[in-house]
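Hi everyone, thanks for making time. I'd like to walk you through a structure, and I'll start with a bit of vocabulary so that we are on common ground.

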Number of protein chains: 2
Amino acid sequence: MSIKEVAARAGVSVGTVSNVLNRPHAVSAANRERVQQAIDDLGFVRNESARQLRAGRSRFLAAVVLDVANPFFTDVARGAQEAADAAGLVLLLCSSHEDVERERRHLEVLGEQRVTGILLSPVDSSPERLTELLTNRSPVVLVDSQDPGRQTCSVAVDDVHGGRLAVRHLLDAGHRRIAFIGGPNRLQQVRDRLEGARAAVAELEEDAAALTVLETEGLTVEEGRRAGARIAQLPARSRPTAAFCANDLVALGVLQDATARGVRVPQDLALVGYDDIDFAAAAAVPLTSVRQPRHLLGRTAAELLLAEAGASTAHEHQQVVFQPDLVVRLSSRHRRPRR
Amino acid sequence: MSIKEVAARAGVSVGTVSNVLNRPHAVSAANRERVQQAIDDLGFVRNESARQLRAGRSRFLAAVVLDVANPFFTDVARGAQEAADAAGLVLLLCSSHEDVERERRHLEVLGEQRVTGILLSPVDSSPERLTELLTNRSPVVLVDSQDPGRQTCSVAVDDVHGGRLAVRHLLDAGHRRIAFIGGPNRLQQVRDRLEGARAAVAELEEDAAALTVLETEGLTVEEGRRAGARIAQLPARSRPTAAFCANDLVALGVLQDATARGVRVPQDLALVGYDDIDFAAAAAVPLTSVRQPRHLLGRTAAELLLAEAGASTAHEHQQVVFQPDLVVRLSSRHRRPRR
DNA sequence: AGCAAGGCATGAAACGTTTCACAAAGGAGT
DNA sequence: ACTCCTTTGTGAAACGTTTCATGCCTTGCT
C-alpha cells in the first residue's frame with residue numbers, strides 16, 4: 001500500500017512514482033500511464049503524514065471558534081473555507097465552547113500538526129493570555145478580537161461602534177432605562193459592545209439615561225432566557241424599557257422569556273440584538289440587530305493567514321477593521337413617550 | 001526543534017526522550033526531570049506527522065456533515081466531540097454544503113490523513129454511491145442514513161416513523177390537503193420522511209386526503225421561502241391547508257413567506273417542521289416539529305467508530321435506530337372544520 | 001560468591017514520502 | 001565523430017518519531 005509497491009508493480013523507481021504524483025510533466029507519457037495504472041490497480045492512497053513530515057507543515061487551515069452552534073461563526077467559517085478551498089487547503093473547524101481549557105488543547109494539537117495557519121477567536125483576550133497564545137508554531141489571525149501589542153494579524157468589526165449604534169437607536173426612540181445583557185466579561189466582543197453602549201449614553205446631551213448591566217455566563221439562548229427572568233424581577237420603577245443584547249442568541253432568549261411572561265415586545269420591552277443571524281429575522285418578533293460582514297470576515301482572515309504563511313520575507317502584521325450597521329426591525333419599533 | 005536536540009541538551013539518547021513523552025514511568029526521576037527541563041527551555045513541540053507516520057494512523061476523528069449552518073448537525077457534532085474528547089482525539093468538522101464534489105474532496109483528504117474514523121452524513125446515499133464511498137481507508141459510520149448492504153455501521157433516527165407522526169397529526173386536526181416540502185430527493189432523510197407522510201395518508205380509513213409534493217433544491221430557509229411562494233400561487237381550491245416540511249429551516253422559510261404575504265399560521269396554513277432545533281421554539285409562530293435525539297446520535301456514532309477502530313478482531317457492523325417524537329406547538333394548533 | 005531478575009538507557013531500524021545529485025540516453029549543432 | 005544540451009530515470013538521504021533487541025547496573029536471594 002505504499003509508493004514502493006506501486007513502483008515495483010509499474011517497474012519503475014519510487015522517485016518516478018513520486019514524480020508522477022507531483023510533477024507529472026517531468027515523466028514520459030509511457031511511464032506516467034503505467035504508474036497510473038498501478039495506482040488504480042492497487043488502490044493506492046498517498047500517505048499525507050509522510051508528506052507532511054518531509055514538507056514540515058500540513059495542508060490544513062484551522063479555525064478555532066467560540067461556538068459552532070452560533071450561526072455567526074458558521075458563517076465566518078464558511079468564508080474561511082472558501083479561501084482555503086481556493087488555496088487547496090482543507091479547513092478544520094474546532095469549537096472551544098468558550099472553554100479556556102478546551103481551547104488550549106485544541107491549539108496544542110493544531111500546533112503538533114504544524115497546521116498552515118490558525119484562525120482564532122480567543123476565549124480570553126487579555127494581553128497576558130494573548131501573548132501566551134501567540135507563542136505558537138503556526139501563524140495566527142485573530143478574528144473578532146484584536147491584539148493591542150500588534151504581534152499578530154487580526155480581522156475585526158468595530159464593536160464599540162456597533163454598541164454605540166444600537167444604544168443610540170434606543171435613546172432616539174425615547175428609552176431612558178436601558179439594559180445591557182451579555183457576558184462573560186472576559187470576551188472582548190462583550191466588553192467593546194458595552195463600551196459603545198456606555199459611550200452612546202454619555203453622548204446624550206439632554207437628560208440623563210441609566211444603563212443597567214446584566215452579565216451572563218455565556219452568549220446562548222438559554223442564558224438569554226435567564227436574563228429575561230432577572231429583568232422581570234426588577235421593581236417596575238427601575239425596570240429597563242429596552243435591552244441591548246450582546247448577541248442575537250441572547251436576544252432570542254430574552255424574547256422567549258418575554259413572550260412566556262406576557263411582556264410585550266417592543267411596547268413593554270424594546271430589543272436590539274447583535275450579529276443579524278438568519279434567525280433574527282424569523283423570530284417571533286423580528287429582531288433589530290447590528291449586522292457584521294461575517295462571510296467577509298472569515299474570508300479576509302483566511303487570506304491574511306495564507307499571505308503570512310506564504311511570505312518568504314518578514315511579514316507585516318495587519319489589523320483589518322470593518323464597520324457594522326444597524327438593521328431596524330419590529331422589536332425596537334415603538335416610540336417611548338418622554339417622562 | 002526536534003527530539004534530537006532535546007536529547008542533546010538533556011544529555012540523554014533520543015529513545016529516552018521519547019520514553020519521557022510516552023511512558024514516563026519507564027524513566028528514572030532524575031532523567032525525567034532533566035528532559036522536561038530541556039523541553040521547556042527549547043519550547044519543543046512534538047511533531048505529530050512523524051508520530052502518525054510511525055503509528056500508521058492519525059489522532060483525528062472526522063465528521064463530514066451536510067451543512068454546518070444547520071443546528072441539527074452542530075448538535076450532532078457536539079455529541080461526537082464529547083466522545084472524541086473522552087478518547088483523547090480531536091474532532092474535525094467538515095461541511096460538504098450538500099455538494100457531492102466537495103464531499104469527495106473532503107473524504108479524499110481525510111483518507112490521506114489516515115484519520116481514525118469518519119462520521120458521515122452522505123450527500124447521495126444511493127447504493128452505488130455508498131459502496132463507492134465505503135472503499136475507504138478509515139472506518140465510516142453513517143449518520144442519519146443507512147446502508148442497505150450493511151457494509152458499515154450506521155446511526156439513524158426512524159425518519160419514516162417521524163414523517164408518519166407529523167402527517168397523522170395534521171390529518172387528526174382535520175387537514176385533507178397537505179403539502180410535503182423538501183428536497184433534493186437524493187437525500188435519504190427526505191425520501192424517508194416523504195414515505196412516512198405517504199404512509200400516514202394511506203392509513204387514513206375514512207375519506208381520502210391529498211398529498212402535494214413540492215421538491216426543493218436544498219434544506220435551507222431560503223428554499224423554504226421559495227416553496228412558500230409556490231404554494232401561494234396554487235389555485236385556492238387545491239391549495240394545501242397544511243404543510244409538513246422536511247426540516248425546520250425550510251419550515252421557518254415557509255413561515256417567513258407566509259408572514260410577509262399575510263397568510264395566517266396556523267389558521268390558513270398549519271406547519272410542521274422536523275429536527276426541533278432551538279430556533280423552532282423561538283420562531284414568529286412557535287413551530288410544531290419532530291424531535292430527534294441529536295446529541296445522542298452524534299455520541300453514539302462516535303462511540304461506534306471508536307469501537308470499530310479499536311477492534312482487534314473482525315468487527316460486527318451495527319445499525320442503531322432511534323425513535324423520534326412529535327413536539328406540538330402553536331403552528332399546527334388549529335382544528336380544521338370538516339368539509 | 002554466584003546467580004537471576006528487574007530497572008534503565010541506548011542505538012538503530014522502520015514508517016512513506018520528497019528531493020536532489022547524478023547518470024544514461026538521445027538529439028542537435030559543428 | 002565530437003561536444004553540449006535536454007529529457008528522463010535512479011537511488012539514497014532526510015524528515016522526526018516510536019519501538020525493540022541489547023546490554024549494563026543494581027539488588028536481592030540462595
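When I say buried, I mean under 20% relative accessible area; exposed is over 50%, and partly exposed is what falls in between. One caution as well: this is a predicted model.

With that cut-off in hand, let's look at a helix in chain A. Arg104(A) has 35% relative accessibility, so it counts as partly exposed. Its partner is Glu101(A), and the two form a salt bridge whose closest N and O atoms are 2.8 Å apart. Glu101(A) is partly exposed too, at 42% relative accessibility. Where do Arg104(A) and Glu101(A) lie? Both belong to helix α6 of chain A, residues 100-113, and they are three residues apart, which is about one turn of the helix.

That is one salt bridge; over all chains, the structure holds 50. Let me pick out another, this time between chains. Arg102(B) pairs with Asp85(A), with 2.6 Å between the closest N and O atoms. The pair runs from helix α6 of chain B, residues 100-113, across to helix α5 of chain A, residues 71-86. Are these two residues buried or exposed? Arg102(B) has 18% relative accessibility and therefore counts as buried. Asp85(A), at 19%, counts as buried as well.

Next, a salt bridge within chain B. Glu48(B) and Arg59(B) have their closest N and O atoms 3.2 Å apart. This pair links distant parts of the chain: Glu48(B) sits in helix α4, while Arg59(B) is in the loop between α4 and β1 (60-65), 11 residues apart. Here the two ends have their own labels. Glu48(B) is buried, because its relative accessibility is 2%, whereas Arg59(B) is partly exposed at 32%.

There is also a network of salt bridges, and it links Arg46(A), Glu48(A), Arg51(A), Arg59(A) and Glu112(B). Please keep Arg51(A) in mind, as it comes back in a moment.

Now to the DNA. How many residues surround DNA strand C? There are 21, and the closest are Ile3(A), Arg54(A), Ser13(B), Ser28(B) and Asn31(B). On the DNA side, sugar and phosphate make up 72% of the strand C atoms that come within 4 Å of the protein.

A few individual phosphate contacts are worth pointing at. A polar backbone atom of Ile3(A) is 2.6 Å from a phosphate oxygen of strand C. For Asn47(A), a backbone N or O atom is again involved, at 3.4 Å from a phosphate oxygen. And here is Arg51(A) again: an N or O atom in its side chain lies 3.0 Å from a phosphate oxygen of strand C.

As for the elements involved, α2 (14-22) and α4 (48-55) of chain A and α4 (48-55) of chain B each supply at least two residues to the surface near DNA strand C. By type, the residues of that surface are seven nonpolar, nine polar and five charged.

Finally, let's step back to chain A as a whole. It is divided into domain 1 (3-46), domain 2 (56-157 + 293-324) and domain 3 (159-292 + 326-332). Taken over C-alpha atoms, the centres of domain 1 and domain 2 of chain A are 37 Å apart.

One last item comes from a record. An unreviewed UniProt entry lists residues 187-214 of chain A as "coiled-coil region". In the model, that stretch is 57% helix and 18% strand, with 14 Å between its end C-alpha atoms. Thanks for listening!

Definitions and conventions. Residues are numbered from 1 along each chain as its sequence is written. Chains are lettered from A and ligands numbered from 1 in the order in which they are written. This is a predicted model: local features need pLDDT of at least 70, side-chain atom pairs count only at pLDDT 80 or more; totals for chains, interfaces and linings use all residues. Side-chain values use heavy atoms; hydrogens and water are left out. A residue is near a molecule or strand if one of its heavy atoms lies within 4 Å of it. A polar contact is a pair of N or O atoms within 3.5 Å; within protein, one must be able to donate a hydrogen and the other to accept it, and residues adjacent in sequence count only if both atoms are side-chain atoms. Helices (H or I, at least four residues) and strands (E, at least two) are DSSP runs, numbered from the N terminus. Ala, Val, Leu, Ile, Met, Phe, Trp, Tyr, Cys and Pro count as nonpolar, Asp, Glu, Lys and Arg as charged, and the others, Gly among them, as polar. Domain bounds come from an automatic or database domain assignment. A salt bridge is a side-chain nitrogen of Lys or Arg within 4 Å of a carboxyl oxygen of Asp or Glu. Buried means under 20% relative accessible area, exposed over 50%, partly exposed in between (1.4 Å probe, protein chains only). UniProt positions are given in the numbering used here, feature names are shortened, and annotations may be inferred rather than shown by experiment.
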